[in-house]
Amino acid sequence: MQKTASRIFSLAIPVIISQISLTLVQIVDTMFIGRLGPLPLGATALVGVLLWSLLNVGEGFSVGLTACVARMIGAEDYKEASSFFRSGLIGITFLGAVLI
């Protein structure tokens, strides 16, 4: 049990660092933009919420794709997993292009 938990935590470290980094960037942006006045700060806050929403949509699809592919690999259905991954990657790329 302990070995599994430490392996999961070691896999989670890059994600944790990424999320902390994104939060720190937003805090620093707020500090710099805040010096310009309330209107630019409000605009930045609005865009920040929209950006986080779009990122979460893409991240949701990525998590779903990862879970499906992992299940197929666990069932040793490598051909289907490869096909599903390729289709999902194309779909997520298209979604990203449309949203941005």
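Aspartate 29 is found in helix α1, a helix that covers residues 2-34. The description that follows rests on a predicted model, and every value in it is computed from that model. Aspartate 29 counts as partly exposed because its relative accessibility is 40%, a value that falls between the 20% limit for buried and the 50% limit for exposed. Although aspartate 29 and threonine 44 are 15 residues apart along the chain, their C-alpha atoms are separated by 8.4 Å. Both of these residues are also among those that line the largest pocket.

The largest pocket has a volume of about 240 Å³, and its lining includes Leu22, Val25, Gln26, Asp29 and Thr30, together with Thr44, Ala45, Val47, Gly48, Leu51, Trp52 and Leu55. The elements that contribute two or more residues to this lining are α1 and α2, and of the elements involved α2 gives the most, with 7 residues. Sorted by class, the lining of the largest pocket holds 7 nonpolar, 4 polar and 1 charged residues.

The second largest pocket encloses about 200 Å³ of space. Leu51, Leu54, Leu55, Gly58, Glu59 and Ser62 are among the residues that line this pocket, and Ile92, Leu95, Gly96, Leu99 and Ile100 are further members of the lining. Here the elements that give two or more residues are α2 and α3, with α2 again giving the most, in this case 6 residues. The lining of the second largest pocket divides into 7 nonpolar, 3 polar and 1 charged residues. Leu51 and Leu55 appear in the linings of both pockets.

Helix α1 also carries part of the surface to be described next. Isoleucine 17 lies in helix α1, and Ile17 is one of the residues that make a nonpolar surface patch of about 760 Å². The other members of the patch are Phe9, Ile13, Ile16, Ile20, Leu24, Ile27 and Met31.

The loop between α2 (38-74) and α3 (78-99) contains glutamate 76, and aspartate 77 is found in that loop as well. Glutamate 76 has a positive phi of about 60 degrees although it is not a glycine. Most residues other than glycine have a negative phi. Glutamate 76 counts as exposed because its relative accessibility is 61%, which is over the 50% limit. Aspartate 77, by contrast, counts as partly exposed, with a relative accessibility of 36%. The C-alpha atoms of aspartate 77 and glycine 64, which are 13 residues apart along the chain, are separated by 17 Å.

Serine 83 lies in helix α3 and is partly exposed, since its relative accessible area is 34%. The C-alpha atom of serine 83 is separated by 18 Å from that of leucine 95, a residue 12 positions away along the chain. Leucine 95 is also one of the residues in the lining of the second largest pocket.

The C-alpha separations mentioned above are set side by side here.

| Residue pair | Distance along the chain | C-alpha separation |
|---|---|---|
| Aspartate 29 and threonine 44 | 15 residues | 8.4 Å |
| Aspartate 77 and glycine 64 | 13 residues | 17 Å |
| Serine 83 and leucine 95 | 12 residues | 18 Å |

How values were computed:
Residues are numbered from 1 along each chain as its sequence is written. This is a predicted model: local features need pLDDT of at least 70, side-chain atom pairs count only at pLDDT 80 or more; totals for chains, interfaces and linings use all residues. Side-chain values use heavy atoms; hydrogens and water are left out. Helices (H or I, at least four residues) and strands (E, at least two) are DSSP runs, numbered from the N terminus. Buried means under 20% relative accessible area, exposed over 50%, partly exposed in between (1.4 Å probe, protein chains only). Patches are made of residues with over 30% relative accessible area and no salt bridge: like charges are joined within 9 Å, nonpolar side chains (Val, Leu, Ile, Met, Phe, Trp, Tyr) within 5 Å. Accessible areas come from the Shrake-Rupley method with a 1.4 Å probe; for residues, only the protein chains shown count as cover. A salt bridge is a side-chain nitrogen of Lys or Arg within 4 Å of a carboxyl oxygen of Asp or Glu. On a 1 Å grid over the protein atoms alone, a cavity is a set of points where a 1.4 Å probe fits but cannot get out, and a pocket is an open set with protein on both sides within 12 Å along at least five of seven lines; lining residues have an atom within 4 Å of a point. Grid points are joined across faces, edges and corners, and a volume is the space filled by probe spheres set on the points. Ala, Val, Leu, Ile, Met, Phe, Trp, Tyr, Cys and Pro count as nonpolar, Asp, Glu, Lys and Arg as charged, and the others, Gly among them, as polar.
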